[in-house]
Amino acid sequence: MDIFPWRPIVHYGLHFAAPLLLAFLFFRKERRWTAYFVMIATMLIDLDHLLADPVYDPDRMSIGFHPLHSYVAIAVYAVLCLLPYEKLHWPWWLRAVGIGLVFHILTDWQDYALWGVG
Ligand SMILES: [Zn+2]
């Protein structure tokens, strides 16, 4: 039995550290910190867990269960990553919202799929 809490460390590492890496990879210098905090803010989609009973269940796959983790929602997040914001004259940080949300979903997925149940 492994008593070291790797699963939450990886989970929160991905939630907090990975957006930093993404901000440095995908955004120009003067936008990086804004992009980072926008991506951190996308964790607010976990508020949809408050609609579930129990609110948190480590053995439940959040993807496809909670409304903001539904497949339709994920499709919208993917589109947000790909829109041509410059041409549309929409704010650039919407792409950070999309990247943050897609990465959030990947983090939740690996938490359930790679770490096993029970
Ligand atoms: Zn989530």
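**Exercise 1. Work out what share of the contacts with a separation of 6 or more comes from residues 24 or more positions apart, then sketch the overall layout.**

Start with the contacts: residues 24 or more positions apart account for 55% of those in the chain with a separation of 6 or more. Keep in mind that this is a predicted model. Next, go through the secondary structure: the chain has six helices and zero strands, so reading along the sequence gives α-α-α-α-α-α. For the dimensions, line up the principal axes, and the C-alpha atoms fill a box of roughly 50 × 30 × 20 Å. Finally, check burial: of the 118 residues in the chain, 21% are buried.

**Exercise 2. Find the largest nonpolar core and say which helix gives the most to it.**

Step one is to list the members. There are nine residues: Ala23, Phe27, Ala35, Tyr36, Val38, Met39, Ala96, Ile99 and Phe103. Step two is to sort them by element. Helix H3 (32–41) and helix H6 (93–113) are the elements that each give two or more residues to this core. Step three picks the top contributor, which is H3 with four residues.

Now zoom in on one member. Setting aside residues up to four places away in sequence, Phe27 touches Arg32, Ala35 and Ala96. Two of those, Ala35 and Ala96, are themselves listed in the core. Another core, of five residues, lies apart from the largest one; among its members are Ile45, Tyr77, Leu101 and Ile105.

**Exercise 3. Classify the angle between H4 and H6, and describe the contact they make.**

First, the geometry. The axes of helix H4 (residues 71–82) and H6 come within 7 Å and cross at roughly 135 degrees. Angles over 145 degrees would count as roughly antiparallel, and 65 to 115 as roughly perpendicular. The value fits neither range, so H4 is oblique to H6. As for handedness, H4 passes H6 in a left-handed crossing.

Second, the residues. From H4 come Ile74, Tyr77, Ala78, Leu80 and Cys81. They meet Leu94, Arg95, Val97, Gly98, Ile99, Leu101, Val102 and Ile105 in H6. Third, the chemistry: this contact divides into eleven nonpolar residues, one polar and one charged. Matching names to classes, the charged one is Arg95 and the polar one is Gly98, because Arg counts as charged and Gly as polar.

**Exercise 4. Decide whether Ser62 and His89 are buried or exposed, and place each one in the chain.**

Take Ser62 first. Its place is in the loop between H3 and H4. Count the other C-beta atoms within 10 Å and you get 21. The cut-off for buried is 20 or more, so Ser62 is buried. Beyond its neighbours within four places in sequence, Ser62 is in contact with His69 and Asp108. For a distance check, try Arg95: it is 33 residues from Ser62 along the chain, and their C-alpha atoms are separated by 23 Å.

Now His89, found in the loop between helix H5 (85–88) and H6. His89 has 6 C-beta neighbours inside 10 Å, so it counts as exposed. The backbone is worth a look too: phi of His89 is near 60 degrees, a positive value in a residue other than glycine.

**Exercise 5. Which peptide bond, with omega near 0 degrees, is cis, and where is Pro54 found?**

Check omega from Asp53 to Pro54: it is near 0 degrees, and this peptide bond is cis. Then locate the proline: Pro54 is found in the loop between H3 and H4.

Conventions:
Residues numbered from 1 in each chain as written. Predicted model: local features only at pLDDT ≥ 70, side-chain atom pairs only at ≥ 80, totals over all residues. Buried ≥ 20, exposed ≤ 12 C-beta atoms within 10 Å, placed from the backbone. Contact = placed C-beta atoms within 7 Å. Core = buried A, V, L, I, M, F, W, Y, C linked by C-beta atoms within 7 Å. Axes fitted to C-alpha atoms, helices over the stretch in contact; angles between N-to-C directions. Parallel < 35°, antiparallel > 145°, perpendicular 65-115°, else oblique. Left-handed = near helix turned anticlockwise from the far one by under 90°.
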